[in-house]
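Thanks for making the time. I will put the structure up now and then walk through a few places in it.

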Amino acid sequence: MSDSPVTTHDPNADEKPAEASPQEQKKMEQAYAQMKRKMSMEEIGKKIKHKIMVLSGKGGVGKSTVSTGLALSLAQQGLSVGILDIDITGPNVPKMMGLDGQRLHVESGRIHPAQGHLGVKVISMAFLLDNEDTPVVWRGPIKLGAIQQFIGDVEWGNLDYLIIDFPPGTSDEPLTVAQSLPDIDGMVIVTTPQEVALLDSRKSITFSESLKLPILGVVENMSGYTVTGKAAPGSEIEIAAPAGKTLKATANDDGEFSVTLDIFKKGGGRLTAEEFGVPFLGALPFDPGFVRGGDDGVHRIVSDPEGPSAIAFAAIVSALQEQIIEDAGTGLEII
Amino acid sequence: MLVPVLKSFDGDEMTDEMPKMTRFERRELDVLVTYADGSEFAITYDDLRHSCPCAKCSPLRNVDETSINLRKQVEALPKEKPKVRIVGNYALGFEWIQGCSSGIFRFERIWELANRRDPDSGKPYVHGAW
């Protein structure tokens, strides 16, 4: 061997290239898979016209109900829609979409989403669990990997809208999605009418700012429960409402009356939107049919497509679509 | 405490209907906003920053004393042209090198400022909830 630091490659030489160790090979495979996934994410980003994140600062406000409702309401317009249930530890979108117990179909290394009501495509961690009682206890990096796989390895096809349902709060999940999926339109914030801590509000604002994503609007869920009934025409009805109040209604000529009880107070969503200078998309009534529908796997929009909840969702979707720039942009010249 | 703004409108009567904003020109000390009906308004950077709608700045405008302090803080900042970004199709966001950049300014808010009206509509800020 010459002492020269320069080596030349002789193609006729009978030398075998140095083989990579199993660890090196594994690293190379991982890097290759990561690169393929990144390219796939960019490709997916192009195939999906609009991507909307659904979040809330606190739990139990009905994010999954709103996510599935938005998806179904958009699908009712004849649009192709998908839902990505990012709530790794508590996925419940499949149950609401009538897909309980379904398994995902994998072909050539690509995951094919399940199809729920109105042809809405669904991907959820719930499809991968052997038992719905089994908790998913994953630390951050594993969760992050699963989310990236859910984005990069899923064969969504062409979609008009992808609705992404998140767990409550401002944790890893929205950050990972915002960094992985290109051209996200923005966030929908779900709230209930009552006031909660200042801290949550500040966190959410700072969070949307740090992600550089616009807030498309606020949706107020569980806004008011409407009691309807029949009584003698023209008679006055008194109903005991929360906080010791009494609500009065008068039965019409057909003897029908209706009174709306503001169980969790009223107008918090609109107030919040005004305070933070973001659009208010609308309020959803407190509808026990959502609970029954969620448990039975028949969403309220499917079981009662012309009912008050479906109408409220249609109005919210319309307001949401107004916020999404189609192509032309605002036409504003900034100098 | 709004600084008077330039207005090239015939007459003093302002319409409540907001025209579409067509141009947003950043100048040395203020921004010149042009609307589709041809009207033009100047808003100083100090006015813009003092009216930041974020949850940190808004409560400070509830009380005169803290509002004046906020104004003093804003006026003490270096005069700089902000980076402007369009938020959705309903608002603008401003990024300043110093000071608060959190507020999302709805077009309606900028319209109120341009017309020298209180963008908070005289309502005190109350923290809401997501």
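Start at Ile52 of chain A, which stands opposite Ile163(A) in strand E7(A). This is a predicted model, so please hear every value that follows as computed from predicted coordinates. Ile52(A) belongs to strand E1, residues 48–55 of chain A. Six bridges join E1(A) to E7(A), and the pairing is parallel.

E7(A), residues 159–165, also has strand E2(A), residues 81–85, as a parallel partner, with five bridges between them. Here Ile163(A) comes up again: in E7(A), Ile163(A) is the bridge partner of Ile83(A). So much for one side of E2(A). The next pairing takes E2(A) to strand E6(A), residues 121–124, parallel and over four bridges. In that pair, Leu84(A) faces Ile123(A).

How well covered is E2(A)? Mostly covered: five of its five residues are buried. Val81(A), Ile83(A) and Asp85(A) point one way from the strand, while Gly82(A) and Leu84(A) point the other way. Note that Asp85(A) is among the buried residues.

Now the sheet as a whole. In chain A, eight strands form an open sheet in the order E5-E6-E2-E7-E1-E8-E9-E14, and the pairing is mixed. Its edges are E5(A) and E14(A), the latter being residues 280–283, and each of these pairs on one side only. Helix H2(A), residues 63–76, lies across E1, E2, E7, E8 and E9 of chain A. Relative to E7(A), H2(A) runs at about 170 degrees.

A word on confidence before going further. Chain A has a mean pLDDT of 75, with 74% of its residues at 70 or more. Where in chain A is confidence highest, and where is it lowest? The highest mean is 91, in E2(A), and the lowest is 60, in helix H6(A), residues 198–211. Where pLDDT is low, the predicted coordinates should not be read in detail. I will leave H6(A) at its mean of 60 and say no more about that helix.

For contrast with E2(A), take another strand pair in chain A. Strand E11(A), residues 236–240, and strand E12(A), residues 246–250, pair in the antiparallel sense over five bridges. Ile239(A) has Leu247(A) as its bridge partner in E12(A). E12(A) is hardly covered: of its five residues, the count of buried ones is zero.

Two loop residues in chain A next. Met222(A) sits in the loop between strand E9(A), 215–220, and strand E10(A), 225–230. Why does Met222(A) count as buried? Because 24 other C-beta atoms lie within 10 Å, and the cut-off for buried is 20 or more. Met222(A) and Ala283(A) are 61 residues apart in sequence, yet their C-alpha atoms are 7.8 Å apart in space.

The other loop residue is Leu118(A), found between strand E5(A), 114–115, and E6(A). Its phi is near 55 degrees, a positive value in a residue other than glycine. Leu118(A) counts as partly exposed because it has 19 C-beta neighbours inside 10 Å, and buried would need 20 or more.

On to chain B. Its secondary structure comes to three helices and six strands, and from the N terminus on the elements run β-β-β-α-α-β-β-β-α. Of its 130 residues, 33% count as buried. Taking contacts in chain B between residues at least 6 apart in sequence, 49% join residues at least 24 apart.

The element to look at in chain B is helix H3(B), residues 107–114. H3(B) is mostly covered, with six of its eight residues buried. Those are Phe107(B), Arg109(B), Ile110(B), Trp111(B), Leu113(B) and Ala114(B). An α-helix has 3.6 residues a turn, so residues three or four places apart point the same way. What covers the buried residues of H3(B) includes strands E1, E2, E3, E5 and E6 of chain B, along with helix H1(B).

One last residue, Arg116(B), lies in the segment after H3(B). There Arg116(B) takes a positive phi of about 60 degrees, and Arg116(B) is a residue other than glycine. Is Arg116(B) buried or partly exposed? Partly exposed, because it has 15 C-beta neighbours inside 10 Å.

That is the end of the list.

Conventions: Residues numbered from 1 in each chain as written. Chains lettered and ligands numbered in written order. Predicted model: local features only at pLDDT ≥ 70, side-chain atom pairs only at ≥ 80, totals over all residues. Buried ≥ 20, exposed ≤ 12 C-beta atoms within 10 Å, placed from the backbone. Pairing = 2+ DSSP bridges. pLDDT = per-residue confidence, 0-100. Contact = placed C-beta atoms within 7 Å. Axes fitted to C-alpha atoms, helices over the stretch in contact; angles between N-to-C directions.
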